Amino acid sequence: MVRRVCGHGWLAALVALAAATGAEGAGYRTANFIVDAPTPDQARRIGDAAEQYRHDLAIEWLGAPLPRWSRPCPIRAQVAPNLGAGGATSFVFDAGEVFGWTMTIQGSEQRILDSVLPHEITHTIFATHFRRPLPRWADEGACTTVEHPVERARQHRLLIEFLTTQRGIAFPQMFAMREYPADVLPLYAQGYSLARFLIERGGRRRFVAFVGDGLAGEDWSGALGRHYGLPDVPRLQGLWLDWVRQGCPAPPTASIAAATPPVAGDWAARARGQSPDPTPAPAAVAALPGRRSIYALQARHAGSGDPSELPAAVGQTPALPSAAGPASANVRW
Ligand SMILES: [Zn+2]
(Lines give C-alpha, C1' and ligand atoms only; values in the text may rest on other atoms or scores of the structure.)
Protein backbone atom coordinates (compact mmCIF):
# COMPACT_ATOMS: atom_id res chain seq x y z
CA MET A 1 0.00 0.00 0.00
CA VAL A 2 1.39 3.37 -0.96
CA ARG A 3 -0.01 6.66 0.28
CA ARG A 4 0.71 9.33 -2.26
CA VAL A 5 0.71 13.01 -1.47
CA CYS A 6 1.01 15.84 -3.93
CA GLY A 7 2.70 18.70 -2.23
CA HIS A 8 1.95 21.53 -4.60
CA GLY A 9 2.54 24.60 -2.49
CA TRP A 10 2.98 22.07 0.25
CA LEU A 11 3.96 24.38 3.06
CA ALA A 12 0.93 26.54 2.46
CA ALA A 13 -1.23 23.46 2.23
CA LEU A 14 -0.11 22.20 5.58
CA VAL A 15 -1.17 25.52 7.03
CA ALA A 16 -4.50 25.15 5.27
CA LEU A 17 -4.93 21.65 6.60
CA ALA A 18 -4.32 22.84 10.13
CA ALA A 19 -6.60 25.83 9.69
CA ALA A 20 -9.32 23.70 8.15
CA THR A 21 -9.51 21.47 11.17
CA GLY A 22 -12.47 22.61 13.12
CA ALA A 23 -13.37 25.33 10.63
CA GLU A 24 -17.06 26.02 10.10
CA GLY A 25 -17.57 25.43 6.40
CA ALA A 26 -20.37 25.06 3.92
CA GLY A 27 -20.76 21.77 2.11
CA TYR A 28 -21.60 20.95 -1.49
CA ARG A 29 -21.87 17.53 -3.05
CA THR A 30 -21.35 16.54 -6.69
CA ALA A 31 -21.07 13.11 -8.29
CA ASN A 32 -17.38 12.79 -7.42
CA PHE A 33 -16.61 15.48 -4.87
CA ILE A 34 -17.74 16.73 -1.47
CA VAL A 35 -16.59 20.30 -1.02
CA ASP A 36 -16.14 22.11 2.24
CA ALA A 37 -15.60 25.86 1.70
CA PRO A 38 -16.19 29.05 3.70
CA THR A 39 -19.50 29.90 1.95
CA PRO A 40 -22.16 27.88 0.11
CA ASP A 41 -21.53 29.79 -3.11
CA GLN A 42 -17.80 29.12 -2.98
CA ALA A 43 -18.40 25.45 -2.26
CA ARG A 44 -20.74 25.24 -5.24
CA ARG A 45 -18.38 27.02 -7.62
CA ILE A 46 -15.45 24.88 -6.55
CA GLY A 47 -17.43 21.65 -6.73
CA ASP A 48 -18.86 22.40 -10.16
CA ALA A 49 -15.42 23.44 -11.44
CA ALA A 50 -13.87 20.26 -10.02
CA GLU A 51 -16.38 18.12 -11.93
CA GLN A 52 -15.82 20.12 -15.10
CA TYR A 53 -12.03 19.80 -14.84
CA ARG A 54 -12.32 16.10 -14.05
CA HIS A 55 -14.31 15.61 -17.23
CA ASP A 56 -12.41 17.95 -19.54
CA LEU A 57 -8.88 17.21 -18.37
CA ALA A 58 -9.46 13.44 -18.52
CA ILE A 59 -10.42 13.86 -22.16
CA GLU A 60 -7.32 15.92 -22.79
CA TRP A 61 -4.91 13.54 -21.07
CA LEU A 62 -6.59 10.19 -21.71
CA GLY A 63 -8.99 10.75 -24.58
CA ALA A 64 -12.09 9.85 -22.56
CA PRO A 65 -13.82 10.89 -19.34
CA LEU A 66 -13.17 8.92 -16.17
CA PRO A 67 -15.83 6.60 -14.81
CA ARG A 68 -17.44 7.75 -11.61
CA TRP A 69 -15.41 6.99 -8.51
CA SER A 70 -16.94 4.54 -6.08
CA ARG A 71 -16.50 7.11 -3.32
CA PRO A 72 -16.32 10.88 -3.68
CA CYS A 73 -13.16 12.86 -3.09
CA PRO A 74 -13.48 15.29 -0.19
CA ILE A 75 -12.14 18.78 -0.92
CA ARG A 76 -11.38 21.19 1.89
CA ALA A 77 -11.01 24.72 0.59
CA GLN A 78 -9.58 27.71 2.41
CA VAL A 79 -10.56 30.75 0.38
CA ALA A 80 -9.27 34.25 1.09
CA PRO A 81 -8.06 37.02 -1.20
CA ASN A 82 -4.51 37.18 0.15
CA LEU A 83 -3.99 33.53 0.94
CA GLY A 84 -1.04 31.92 -0.85
CA ALA A 85 -2.13 29.43 -3.50
CA GLY A 86 -1.45 25.81 -2.76
CA GLY A 87 -2.92 22.39 -2.55
CA ALA A 88 -2.30 18.81 -1.55
CA THR A 89 -3.98 15.62 -2.66
CA SER A 90 -3.44 12.27 -1.06
CA PHE A 91 -4.71 8.87 -2.03
CA VAL A 92 -3.83 5.26 -1.49
CA PHE A 93 -2.66 2.68 -4.00
CA ASP A 94 -3.25 -0.90 -3.03
CA ALA A 95 -3.43 -3.97 -5.26
CA GLY A 96 -3.88 -1.89 -8.39
CA GLU A 97 -6.69 0.19 -6.92
CA VAL A 98 -6.72 3.80 -5.83
CA PHE A 99 -8.93 5.12 -3.06
CA GLY A 100 -8.94 7.18 0.12
CA TRP A 101 -8.91 10.53 -1.64
CA THR A 102 -8.28 13.68 0.36
CA MET A 103 -7.74 17.09 -1.18
CA THR A 104 -6.96 20.37 0.53
CA ILE A 105 -6.70 23.57 -1.45
CA GLN A 106 -6.20 27.19 -0.56
CA GLY A 107 -5.77 30.60 -2.11
CA SER A 108 -7.85 33.35 -3.61
CA GLU A 109 -10.98 31.98 -5.26
CA GLN A 110 -9.65 32.97 -8.67
CA ARG A 111 -6.33 31.17 -8.21
CA ILE A 112 -8.04 28.13 -6.75
CA LEU A 113 -10.33 27.92 -9.75
CA ASP A 114 -7.74 28.65 -12.43
CA SER A 115 -4.64 26.87 -11.07
CA VAL A 116 -4.81 24.91 -7.83
CA LEU A 117 -7.93 22.95 -8.72
CA PRO A 118 -6.89 21.85 -12.23
CA HIS A 119 -3.44 20.91 -10.86
CA GLU A 120 -4.87 18.75 -8.10
CA ILE A 121 -7.58 17.25 -10.31
CA THR A 122 -4.91 16.22 -12.80
CA HIS A 123 -3.18 14.29 -9.99
CA THR A 124 -6.41 12.39 -9.39
CA ILE A 125 -6.77 11.66 -13.12
CA PHE A 126 -3.23 10.26 -13.28
CA ALA A 127 -3.75 8.22 -10.13
CA THR A 128 -6.97 6.77 -11.53
CA HIS A 129 -5.35 6.02 -14.87
CA PHE A 130 -1.96 4.64 -13.84
CA ARG A 131 -2.96 3.18 -10.46
CA ARG A 132 0.62 3.46 -9.33
CA PRO A 133 2.98 6.29 -8.43
CA LEU A 134 4.55 8.27 -11.26
CA PRO A 135 8.03 9.76 -11.17
CA ARG A 136 7.65 13.02 -9.34
CA TRP A 137 8.95 15.16 -12.18
CA ALA A 138 6.35 13.77 -14.58
CA ASP A 139 3.51 14.00 -12.09
CA GLU A 140 4.16 17.52 -10.81
CA GLY A 141 5.43 18.75 -14.14
CA ALA A 142 2.36 17.63 -16.08
CA CYS A 143 -0.01 18.95 -13.40
CA THR A 144 1.68 22.35 -13.57
CA THR A 145 1.07 22.55 -17.32
CA VAL A 146 -2.67 22.97 -16.67
CA GLU A 147 -2.21 25.92 -14.31
CA HIS A 148 -2.86 29.55 -15.22
CA PRO A 149 -0.17 31.07 -17.46
CA VAL A 150 0.86 33.42 -14.66
CA GLU A 151 1.70 30.45 -12.46
CA ARG A 152 3.54 28.72 -15.30
CA ALA A 153 5.52 31.87 -15.98
CA ARG A 154 6.55 31.90 -12.34
CA GLN A 155 7.85 28.34 -12.67
CA HIS A 156 9.84 29.35 -15.73
CA ARG A 157 11.43 32.27 -13.90
CA LEU A 158 12.35 29.95 -11.04
CA LEU A 159 13.79 27.45 -13.50
CA ILE A 160 16.18 30.03 -14.91
CA GLU A 161 17.19 30.99 -11.39
CA PHE A 162 17.85 27.36 -10.43
CA LEU A 163 19.79 26.57 -13.59
CA THR A 164 22.04 29.56 -13.03
CA THR A 165 22.66 28.82 -9.36
CA GLN A 166 23.62 25.13 -9.54
CA ARG A 167 20.24 23.93 -8.29
CA GLY A 168 19.24 22.10 -11.46
CA ILE A 169 18.79 18.34 -11.35
CA ALA A 170 20.57 16.09 -13.85
CA PHE A 171 17.97 14.17 -15.86
CA PRO A 172 19.21 10.65 -15.00
CA GLN A 173 18.81 11.58 -11.35
CA MET A 174 15.47 13.30 -11.89
CA PHE A 175 14.03 10.35 -13.82
CA ALA A 176 14.92 8.04 -10.94
CA MET A 177 13.20 10.17 -8.26
CA ARG A 178 10.13 8.59 -6.70
CA GLU A 179 9.87 11.03 -3.82
CA TYR A 180 10.42 14.73 -3.36
CA PRO A 181 14.05 15.78 -2.95
CA ALA A 182 15.07 17.97 -0.03
CA ASP A 183 15.37 20.90 -2.44
CA VAL A 184 11.89 20.50 -3.90
CA LEU A 185 11.30 23.66 -5.92
CA PRO A 186 13.78 22.83 -8.71
CA LEU A 187 11.90 19.56 -9.26
CA TYR A 188 8.66 21.45 -9.89
CA ALA A 189 10.24 24.04 -12.17
CA GLN A 190 12.28 21.54 -14.16
CA GLY A 191 9.49 18.96 -14.26
CA TYR A 192 7.10 21.57 -15.61
CA SER A 193 9.54 22.72 -18.25
CA LEU A 194 10.30 19.21 -19.46
CA ALA A 195 6.62 18.21 -19.48
CA ARG A 196 5.87 21.31 -21.52
CA PHE A 197 8.74 20.54 -23.89
CA LEU A 198 7.42 17.04 -24.55
CA ILE A 199 3.74 17.99 -24.68
CA GLU A 200 4.39 20.77 -27.17
CA ARG A 201 5.94 18.13 -29.43
CA GLY A 202 3.53 15.27 -29.05
CA GLY A 203 0.43 16.38 -27.21
CA ARG A 204 -0.88 15.30 -23.84
CA ARG A 205 -1.98 11.81 -24.80
CA ARG A 206 1.43 10.89 -26.16
CA PHE A 207 2.96 12.17 -22.93
CA VAL A 208 0.67 9.87 -20.94
CA ALA A 209 1.54 6.95 -23.22
CA PHE A 210 5.24 7.71 -22.80
CA VAL A 211 4.97 7.80 -18.99
CA GLY A 212 2.98 4.57 -18.96
CA ASP A 213 5.54 2.88 -21.16
CA GLY A 214 8.44 4.12 -19.05
CA LEU A 215 6.73 3.00 -15.85
CA ALA A 216 5.97 -0.45 -17.21
CA GLY A 217 9.55 -1.32 -18.04
CA GLU A 218 11.52 1.25 -16.03
CA ASP A 219 13.29 1.90 -19.31
CA TRP A 220 12.93 5.61 -19.84
CA SER A 221 15.42 5.83 -22.67
CA GLY A 222 13.55 3.08 -24.51
CA ALA A 223 10.26 4.88 -23.94
CA LEU A 224 11.77 8.13 -25.24
CA GLY A 225 12.78 6.30 -28.39
CA ARG A 226 9.39 4.71 -28.95
CA HIS A 227 7.32 7.84 -28.30
CA TYR A 228 9.59 10.74 -29.23
CA GLY A 229 12.31 9.29 -31.43
CA LEU A 230 15.04 10.25 -28.96
CA PRO A 231 17.95 7.97 -28.12
CA ASP A 232 18.21 8.36 -24.37
CA VAL A 233 17.69 10.49 -21.27
CA PRO A 234 21.03 12.38 -21.44
CA ARG A 235 20.33 13.34 -25.05
CA LEU A 236 16.90 14.61 -24.00
CA GLN A 237 18.57 16.74 -21.36
CA GLY A 238 20.83 18.29 -23.97
CA LEU A 239 17.96 19.09 -26.33
CA TRP A 240 15.87 20.49 -23.53
CA LEU A 241 18.68 22.72 -22.29
CA ASP A 242 19.25 24.03 -25.83
CA TRP A 243 15.53 24.80 -26.04
CA VAL A 244 15.52 26.65 -22.70
CA ARG A 245 18.58 28.67 -23.74
CA GLN A 246 16.80 29.70 -26.91
CA GLY A 247 13.82 31.00 -24.94
CA CYS A 248 11.58 27.93 -25.27
CA PRO A 249 10.51 28.49 -28.89
CA ALA A 250 7.24 26.89 -29.94
CA PRO A 251 7.77 23.94 -32.28
CA PRO A 252 6.47 24.13 -35.83
CA THR A 253 2.82 23.10 -36.06
CA ALA A 254 3.85 20.23 -38.30
CA SER A 255 5.90 18.63 -35.56
CA ILE A 256 2.98 18.82 -33.10
CA ALA A 257 0.58 17.19 -35.49
CA ALA A 258 3.05 14.60 -36.75
CA ALA A 259 1.66 11.13 -36.37
CA THR A 260 5.08 9.58 -36.00
CA PRO A 261 7.73 10.66 -33.52
CA PRO A 262 10.32 13.06 -34.93
CA VAL A 263 13.93 11.96 -34.89
CA ALA A 264 16.34 13.62 -32.54
CA GLY A 265 18.44 15.22 -35.24
CA ASP A 266 15.33 16.72 -36.77
CA TRP A 267 14.40 18.31 -33.46
CA ALA A 268 17.82 19.85 -33.03
CA ALA A 269 17.86 21.22 -36.56
CA ARG A 270 14.46 22.82 -36.10
CA ALA A 271 15.37 24.32 -32.77
CA ARG A 272 18.53 25.94 -34.10
CA GLY A 273 16.69 27.34 -37.06
CA GLN A 274 14.19 29.24 -34.94
CA SER A 275 14.38 32.50 -33.14
CA PRO A 276 12.91 32.71 -29.65
CA ASP A 277 9.17 33.15 -29.52
CA PRO A 278 8.30 36.17 -27.35
CA THR A 279 5.00 34.64 -26.17
CA PRO A 280 5.54 30.92 -26.25
CA ALA A 281 3.45 29.24 -23.61
CA PRO A 282 -0.16 30.40 -23.88
CA ALA A 283 -0.22 30.56 -27.66
CA ALA A 284 1.50 27.23 -28.08
CA VAL A 285 -0.64 25.46 -25.55
CA ALA A 286 -3.86 26.95 -26.80
CA ALA A 287 -2.98 25.84 -30.31
CA LEU A 288 -2.55 22.19 -29.42
CA PRO A 289 -4.96 19.89 -31.21
CA GLY A 290 -7.98 19.07 -29.12
CA ARG A 291 -7.59 22.12 -26.87
CA ARG A 292 -10.86 22.74 -25.05
CA SER A 293 -12.32 23.14 -21.60
CA ILE A 294 -12.14 25.77 -18.92
CA TYR A 295 -8.40 25.71 -19.26
CA ALA A 296 -8.55 26.98 -22.83
CA LEU A 297 -10.48 29.97 -21.56
CA GLN A 298 -7.72 30.69 -19.09
CA ALA A 299 -5.13 30.68 -21.83
CA ARG A 300 -7.12 33.17 -23.85
CA HIS A 301 -7.63 35.49 -20.89
CA ALA A 302 -4.10 35.44 -19.71
CA GLY A 303 -2.09 37.09 -22.44
CA SER A 304 1.67 36.66 -22.34
CA GLY A 305 2.77 34.16 -19.79
CA ASP A 306 6.22 32.70 -19.79
CA PRO A 307 9.04 35.18 -20.09
CA SER A 308 11.21 34.14 -22.97
CA GLU A 309 14.23 36.24 -22.26
CA LEU A 310 16.96 34.52 -20.31
CA PRO A 311 19.25 36.43 -17.98
CA ALA A 312 22.29 37.69 -19.83
CA ALA A 313 24.52 35.46 -17.75
CA VAL A 314 22.82 32.39 -19.14
CA GLY A 315 23.66 33.20 -22.70
CA GLN A 316 27.19 34.19 -21.81
CA THR A 317 28.19 31.07 -19.95
CA PRO A 318 26.74 28.12 -21.81
CA ALA A 319 28.77 25.42 -20.08
CA LEU A 320 27.01 22.19 -20.92
CA PRO A 321 25.89 20.03 -18.04
CA SER A 322 27.34 16.57 -17.73
CA ALA A 323 24.14 14.66 -18.29
CA ALA A 324 25.94 11.36 -18.56
CA GLY A 325 28.00 12.01 -15.44
CA PRO A 326 27.37 10.89 -11.88
CA ALA A 327 23.73 10.82 -10.86
CA SER A 328 24.39 13.43 -8.21
CA ALA A 329 25.67 15.98 -10.72
CA ASN A 330 23.62 19.11 -10.92
CA VAL A 331 22.50 20.58 -14.16
CA ARG A 332 24.37 23.80 -14.66
CA TRP A 333 24.91 26.26 -17.43
ZN1 LIG B 1 1.06 18.57 -7.37
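Strands S2 and S3 are joined by four bridges and run antiparallel. S2 covers residues 26–29, and S3 covers residues 33–37. Together the two strands form a hairpin, with three residues between them. Look at one pair across it: Arg29 stands opposite Ile34 in S3. Keep in mind that this is a predicted model.

Now step across S3 to its other partner. That partner is strand S4, residues 73–79. Again there are four bridges, but S3 and S4 run parallel. Two pairs to find on the screen. Phe33 stands opposite Cys73 in S4. Val35 stands opposite Ile75 in S4.

Are these strands enclosed or open? In S3, four of the five residues are buried, so S3 is largely enclosed by the rest of the structure. In S4, six of the seven residues are buried, so S4 is largely enclosed as well.

Let me pull back for a moment. The protein chain has 333 residues, and 44% of them count as buried. There are 14 helices and six strands. Now take the contacts with a separation of 6 or more. Residues 24 or more positions apart account for 72% of those.

On to the helices. Start with H2, residues 40–62. What span should its 23 residues have? At 1.5 Å a residue, the answer is 33 Å. The C-alpha atoms at its ends are 32 Å apart, so expectation and model agree. Right after H2 comes Gly63, with a positive phi near 90°.

We can put helix H5 through the same check. H5 runs over residues 149–163, which is 15 residues. Its expected span is 21 Å, and its end C-alpha atoms are 21 Å apart, so that agrees. Which residues of H5 are buried? They are Pro149, Glu151, Arg152, Gln155, His156, Leu159, Ile160, Phe162 and Leu163. As background, an α-helix has 3.6 residues a turn, so residues three or four places apart point the same way. Have that in mind when you look at the buried set in H5, which includes Arg152, Gln155 and Leu159.

Next, helix H7, residues 185–217. I will show two helices that meet H7. First, H2. The axes of H2 and H7 come within 7 Å and cross at roughly 75°. An angle from 65 to 115 degrees counts as roughly perpendicular, so that is what we call H2 and H7. Who touches whom? Glu60, Trp61 and Leu62 in H2 meet Arg204, Arg205 and Val208 in H7. By class, this contact has three nonpolar, no polar and three charged residues.

Second, helix H4, residues 136–144. The axes of H4 and H7 come within 7 Å and cross at roughly 85°. H4 and H7 are therefore roughly perpendicular too. From H4, the contact uses Arg136, Trp137, Ala138, Glu140, Gly141, Ala142 and Thr144. From H7, it uses Leu187, Tyr188, Gln190, Gly191, Tyr192, Leu194, Ala195, Phe207 and Val211. How do the residues of this contact divide by class? There are 10 nonpolar, four polar and two charged.

Last, two single residues. Asp114 first. It is in helix H3, residues 109–130. Is Asp114 buried or exposed? The cut-off for buried is 20 or more C-beta neighbours within 10 Å. Asp114 has 25 inside 10 Å, so Asp114 counts as buried. Now find His148. Asp114 and His148 are 34 residues apart in sequence. In space, C-alpha to C-alpha, Asp114 and His148 are 5.7 Å apart.

Then Gly168. Where is Gly168 placed? In the loop between H5 and helix H6, which covers 171–176. Gly168 has 23 C-beta neighbours inside 10 Å, so this loop residue counts as buried. Asp183 lies 15 residues from Gly168 along the chain, and their C-alpha atoms are separated by 9.9 Å.

To close, one picture to take away. S3 pairs antiparallel with S2 and parallel with S4. H7 is crossed roughly perpendicular by H2 and by H4.

Notes
Residues numbered from 1 in each chain as written. Predicted model: local features only at pLDDT ≥ 70, side-chain atom pairs only at ≥ 80, totals over all residues. Buried ≥ 20, exposed ≤ 12 C-beta atoms within 10 Å, placed from the backbone. Contact = placed C-beta atoms within 7 Å. Expected span 1.5 Å × (residues − 1). Axes fitted to C-alpha atoms, helices over the stretch in contact; angles between N-to-C directions. Parallel < 35°, antiparallel > 145°, perpendicular 65-115°, else oblique. Nonpolar A, V, L, I, M, F, W, Y, C, P; charged D, E, K, R; others polar. Pairing = 2+ DSSP bridges.
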